[in-house]
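Please work through the exercises below with the sequence and the coordinates at hand. Each task is followed by a worked solution.

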Amino acid sequence: MIAKSYKTTRSGILLLLLILTSTAFAQERIIKGKVADQNKEPLIGVSVAIKNSTQGTITDMDGMYSIQVPNENAVLSFSYIGYQPKDIRVGERQIINVTMEEESILMDQVVVIGYGNQKKVNLTGAVSSVSVDKALSSRSIANVSSALQGLMPGLSVSQTSGMAGNNSAKLLIRGLGTINNADPLIVVDDMPDADINRLNMNDIESITVLKDATASSVYGSRAANGVILIKTKSGKGANKTQITFSGSYGWEKATKAYDLLSDYPRALTLHQISNATNPGKNGDNQIFKDGTIDEWMAMSMIDEKRFPNTDWWDYVMRTGSLQNYNVSATGGNESSNFYASIGYMKQNGLQINNDFDRYNARFNFDYKLMKNMNTGFRFDGNWSDFTYALSDGFTGDGNLDMATAVAGIYPYDPELDVYGGVMAYGEDPSAFNPVSYFNTQLKHRDRQELNSSIYLDWEPIKGLVVRADYGLKYYNEFNKEAPIPNRAYNFQTESFGSRYYVTDAAGVRDNTKTGYKTLLNARLNYHTKIADHHDLSAMFVYSEEYWHDRSQTSYRADRIHPSLEEIDAALTTTQSTGGNSSAEGLRSYIGRVNYNAYDRYLLELNFRVDGSSKFQPGHRYGFFPSAAVGWRFSEEQFIKKYTENWLSNGKFRVSYGELGNNSGIGRYQQKEILYQNNYMLNGAIANGFVYSKMLNPDLTWESTSVFNIGLDLIFFNGRLSTEFDYYDRLTTGMLQKSQMSIHLTGAYEAPMANLGNLRNRGFEANLTWRDQIADFNYSANFNISYNRSNLEKWGEFLDKGYVFIDMPYHFVYYQPDKGLAQTYQDSYNSTPQGVAPGDVIRTDTNGDGRIDGNDKIAMTNAQVDMPTTTLALNLQASWKGIDVSMLFQGAIGRKDFWTNKYTEVNLPDKRYSSTQDHIDKPWSWENRNGEWPRLGGLVTNKTGSSEFWLRGMDYLRMKNLMVGYTFPKKWVNKFFAENLRVYVTLENLFTITNYEGLDPEKGASSQDLYPTTKSYSLGINLSF
């Protein structure tokens, strides 16, 4: 009975399963169809996916697709780059044909411009813009300026150091525009003069670079070197509150370092070799005797403290770290929006005790008071703590240099709490102990900044907006030095030597800097449409800016105890104080008119009038106008009918305008200044005053005129976009000392004058390709910039050098050579110059039988300070939550002379830190293929203009590699989160260059040893 019942039950279950399976197969079916554009042309590679699943396909060459769906409730998602995505419910249909509509992301893109926004397709000026996305904000970098390298054409970014707290990049827009301050103006949320390197990258929404006169004209005298506009996040468009956390931790190492020689006996032997060519220092006259070297070589194997071979690099360098943590909240509704954030960055530099901490806080708020009235404010503050020993890391005045850190010094004995000094017989006692300096002579800098602004706008009638802005920037900086007394210790004699690293009378020095800036803007904007095809907008701004700065310094010697670091903890026997303040004002009137006819013909007119307190009455005001026209030829019907299938937008633009610059003179350069001086009156000394300088009553603004011609093209529904620009920028009347400066000596300072004209010409190209294949999205951006300067006029006396008329500013001016003499016959065959085998044979270029400055040659296709060409390739791709980005960046056209202290071939008698190159590279009879001249040869073997030491600084660098993964929402939603992304990022992964020095972005003659860094970081982005 039980068996029969079991069989019946089993039969019933099998029947039920058969029915359910048949039903499931009945519900699943194949959906087919064709995907085309609005012109009925088939679209190839359209992604067709079942929503909320991993199942999908793509269209074939004819736009056809076929996909199996589970049931009638399935939703098909169609997506294609350049077109609006579509979701379609299957229902009862078996054939679903889809027409995709173009998505005008690029066409409708809005970019930030001076005092407003504008559609990119309607721009007539030269403007580049980048949105700060997850790939950019997640990079392991310490400041914003470094992040801009390679992102936009025309913006040159040079990173020369990895020092924590002093690793900001040098920014130039379209080359060197003036011999004075050529830095671009930084504007954050309409507040000029911001410090870009104190911003939190996570707070930034977009960065825009204004490059020509039309784009920059509204900033007038502030914009001669271009403008970088930064817009921070505001929460606009957010329909709910979102909280986001991001954090990263990275490890930093040197990209490259000199191999300082830690074998002290070999270093002393190099001194002997170098001195051997000098009869007065050879043989018995050698400073370092063979016995000293032999003893050190033997004893160092058993007593490393008394006979050290110190590798200073191991002692003063470490693995650096960079941490970034940020929490932000954003939200909004119909009447208000906000963005709030706090951030913390901590960087432990590669050098011991070089640390930098920065805290950021921001709160942005906008509120609609009534239908036609809005208000809001922006507030951000930052606080930093910077610890360092030398301002550039490794180089200071006098003997404070790694080049004098000999290997025969024991760094530090913790048991005796003493720092070692020289012990070898004949060594210079003033040799450098970097461990002592980097531990006991630290400097501390605390800085706080507060930036705030408030606005109110009102639209009394349609199209007319009245707006008032007031901004305040305040800073306070405190610097302290309180070195700890210590003295060089001789471990051989077990006594202190003659060298005091810090004397017992060590004091304390405090310096305080405070200042503020105020900004008042009153603005009128009017916008109207005339008929259906004419769009007109106008703007007028009245602006006032005021700066005030104060500095005060206090010093006392003889601290009561080394642990006390306050001024009052030192005796009053020796003390000094100093202080000063300065102020400056700028009043401006700004106007702009934009006219757009038929969405094809574009016109923009700008002007700015600036009045500066730096100049004397009658010369304070400058007028800086500009004009631009644009033609969207792709909208012309006689063109569109031939191009509409492949050309989405085509625009031709031309602009010309003038800008000003007053950065070349100080705030009181044009003021009479009196200094205290003594007089003889009736045979006695009397106190009095004397004028310190002569004034030029006609001194006025530098003027910069810029001509720009550009072409913007967008192809294939936005998949390919291109931008091309040519510019010609001429700066006239550059501010510098007048010709009297070479004749005046004594009490008077020569007056300033408007002298010198400098022209920059260049070309820029920016090409972007973006596409989507099913779930795979990818994009590639390539940009390249070429710039060449030409000095057209100079008021000063010009001697032969790298500054000359009708030449690039700081061109390469070198003495040619024929390489190294290999035999005495080479010496006899050369122009008389005293060479021996191993010396550089200089070329008698003009054939006059002698070697002098007339033999030098100018190289016009390269510059010493900066490259002529910069280029970058940015690659991005994503697939099913995985994202990858790569940035390659390079530079061409810079040459420099590699003549720093670490390439010496005529070594000092003593106190010199040799490198491994001094053993491997100098020419000798045993090393006939040596790359360097012989040690101790002619003084002319190493000069600052020798072709032998001229190096090409071209390079290609993998700037960034990032790989991230975004977890599926259905996973993170279980933990009440909205988005979770983890990533790994690498900075400065490798560099391809022929330059042998530290880094091709550094000056080749730089004495600074602080290397740039490569970093490896892990990070997370989490939002709720």
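The exercises that follow concern a predicted model.

**Exercise 1. Overall description**

Task: State how many helices and strands the protein chain has, and what share of its residues is buried.

Solution. Begin with the secondary structure: the protein chain holds 13 helices and 52 strands. Next, consider burial: 52% of the 1024 residues count as buried. The extent comes from the C-alpha trace, which spans about 115 × 95 × 70 Å along its principal axes. Finally, take the contacts between residues at least 6 apart in sequence: 70% of them join residues at least 24 apart.

**Exercise 2. The largest nonpolar core**

Task: Identify the residues with the most contacts inside the largest nonpolar core, and determine which element supplies its largest share.

Solution. The largest nonpolar core has 68 residues, and those with the most contacts inside it are Tyr264, Phe394, Met402, Phe438 and Leu1009. Elements that each supply at least two residues of this core include α6 (264-275), α7 (290-299), β21 (373-388) and α9 (434-440). The largest share, four residues, comes from α6. Apart from this core lies another, of 26 residues, among them Leu136, Leu151, Ile207 and Val209.

Now follow one residue of the largest core. Leaving aside neighbours within four places in sequence, Leu1009 is in contact with Tyr258, Trp313, Phe394, Met402, Tyr902 and Leu998. Two of these partners, Trp313 and Phe394, also belong to an aromatic cluster, together with Phe432, Tyr437, Phe438 and Tyr1010. The total number of aromatic pairs comes to 46.

**Exercise 3. A four-stranded sheet**

Task: Give the strand order of the open sheet of four strands, and name its edge strands.

Solution. The order is β3-β2-β5-β6, with antiparallel pairing. The edge strands are β3 (56-58) and β6 (86-89), each of which pairs on one side only. On average, neighbouring strands of this sheet are turned by 20° against each other, direction ignored. Within the sheet, β2 (residues 47-50) and β5 (residues 75-79) pair over four bridges. As one point of reference, Ser47 stands opposite Ser79 in β5.

**Exercise 4. The setting of Arg957**

Task: Determine whether Arg957 is buried or exposed, and which ring its charged end sits over.

Solution. First locate the residue: Arg957 is in strand β50 (residues 955-966). Its relative accessible area is 3%, which is under 20%, so Arg957 is buried. Not counting residues up to four places away in sequence, Arg957 touches Leu887, Phe888, Gln889, Asn988, Phe990, Thr991, Asp999, Pro1000 and Glu1001. The charged end of Arg957 sits over the ring of Tyr955, 5.2 Å from its centre. Another such arrangement places the charged end of Arg467 over the ring of Tyr455, 4.1 Å from the ring centre.

**Exercise 5. Positive phi values**

Task: For Asn353 and Glu494, state where each residue lies and classify its exposure.

Solution. Asn353 lies in the loop between β19 (336-348) and β20 (355-370). Although Asn353 is not a glycine, its phi is positive, about 65°. The relative accessible area of Asn353 is 25%, so this residue is partly exposed.

Glu494 lies in the loop between β26 and β27 (495-502). Phi of Glu494 is also positive, near 55°, in a residue other than glycine. With a relative accessible area of 62%, which is over 50%, Glu494 is exposed.

Note on methods:
Residues are numbered from 1 along each chain as its sequence is written. This is a predicted model: local features need pLDDT of at least 70, side-chain atom pairs count only at pLDDT 80 or more; totals for chains, interfaces and linings use all residues. Side-chain values use heavy atoms; hydrogens and water are left out. A nonpolar core is a set of buried Ala, Val, Leu, Ile, Met, Phe, Trp, Tyr and Cys residues joined through side-chain atoms within 4.5 Å. Buried means under 20% relative accessible area, exposed over 50%, partly exposed in between (1.4 Å probe, protein chains only). Contact means heavy atoms within 4.5 Å. Two strands pair if DSSP finds at least two bridges between them. Axes are lines fitted to C-alpha atoms, for helices over the stretch in contact, and angles run from 0 to 180 degrees between N-to-C directions. Rings of Phe, Tyr and Trp (its six-membered ring) pair if their centres lie within 6.5 Å; planes under 30 degrees apart count as stacked, over 60 as edge-to-face and the rest as tilted. A charge sits over a ring if NZ of Lys or CZ of Arg is within 6 Å of the ring centre and within 35 degrees of the ring normal.
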